[in-house]
Amino acid sequence: MKFFVDTADIDAIRELNDLNMVDGVTTNPSLIMKSGRDILEVIAEICDMVDGPVSGEVVATDYEGMIAEGNKLAEIAPNIAIKVPLTLDGLRACKTFSDDGRMVNVTLCFSANQALLAAKAGATFISPFIGRLDDINIDGLDLIADIRTIYDNYGFETQILAASIRTANHVSECAKIGADVMTAPPSVIKGLVNHPLTDKGLAAFVADAQKAGIKIV
Ligand code: E4P
């Protein structure tokens, strides 16, 4: 499963990228707002740093506006994935960009039928939002499993980009289901390293090394 980092924070992306943990980046208008940066500048900086797909989201909600904004975003770098919302205008824009050979990430997916439409419109990525479904007491992981089944049934090549990931459990469950990609905030990705038995075991080894006076260098 590929790891995308869900942020527009350059320092956070760099830290994970240096560890080879970044296969791509996703942004959205809320994350751009949080960065306090100009969207075109910050996305250009991310594209310089990261080789994989970098999602930049349109803010227009009509087809013509999405096309104009998507083309502007695509000028930034070849690794831009134009992110469009899962609406009829968004799907129309997806088809146009995809026919032009652009990568497209269709976002705000909350149902299997929406994912089916995005695949038929030629989406490179479909972004089902797990955490926001969990927030309303619907199991977001069930949606990932349903989309996996449907895409496999018909051989759709659209990649399932599990989004709105909030917990380490979301990450491992998505990997078990077979999501192609997951995108998570830097804190969730860094948190995957944690296990209380690792901490406890290391403390015991350090204590014994001191008692034994073990020195290696
Ligand atoms: C995905 O592309 C979105 O940017 C993101 O995963 C949304 O996550 P949230 O529901 O935590 O805001």
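These exercises walk through a predicted model of a protein with a ligand.

Residues are numbered from 1 along each chain as its sequence is written. Local features need pLDDT of at least 70, side-chain atom pairs count only at pLDDT 80 or more, and totals for chains, interfaces and linings use all residues, while side-chain values use heavy atoms and leave out hydrogens and water.

**Exercise 1. The whole protein**

Task: State how many helices and strands the protein has, and what share of its residues is buried.

Solution:
- Step 1. Count the elements. The protein has 11 helices and 8 strands. These are DSSP runs, numbered from the N terminus: helices (H or I) have at least four residues, strands (E) at least two.
- Step 2. Turn to burial. Of the 217 residues, 46% are buried. Buried means under 20% relative accessible area, with a 1.4 Å probe and protein chains only.

**Exercise 2. A pair of side chains**

Task: Locate Ser127 and Asn105, say whether each is buried or exposed, and find what joins their side chains.

Solution:
- Step 1. Find the strands. Ser127 lies in strand E6, residues 125–128. Asn105 belongs to strand E5, residues 103–109.
- Step 2. Check accessibility. Ser127 has a relative accessible area of 2%, so Ser127 is buried. Asn105 is at 0%, so Asn105 is buried too.
- Step 3. Look at the side chains. A polar contact of 2.8 Å joins Ser127 and Asn105. A polar contact is a pair of N or O atoms within 3.5 Å; within protein, one must be able to donate a hydrogen and the other to accept it, and residues adjacent in sequence count only if both atoms are side-chain atoms.
- Step 4. List other contacts (heavy atoms within 4.5 Å). Residues up to four places away in sequence are not counted. Ser127 touches residues including Val106, Leu161 and Ala163. Asn105 touches residues including Thr26, Lys83 and Leu161.

**Exercise 3. The ligand**

Task: Name residues around the ligand, give side-chain distances to its oxygen atoms, and state how much of its area the protein covers.

Solution:
- Step 1. Look around the ligand. Among the surrounding residues are Asp6, Lys83, Ser164 and Arg166. Each has a heavy atom within 4 Å of the ligand.
- Step 2. Read the distances. A polar side-chain atom of Asp6 is 2.8 Å from a ligand oxygen. For Ser164, the distance is 2.7 Å. For an N or O atom in the side chain of Arg166, it is 3.3 Å.
- Step 3. Find the cover. On its own, the ligand has 340 Å² of accessible area, and the protein covers 86% of that. Accessible areas come from the Shrake-Rupley method with a 1.4 Å probe.

Methods
Buried < 20%, exposed > 50% of the residue type's maximum accessible area, 1.4 Å probe, protein only.
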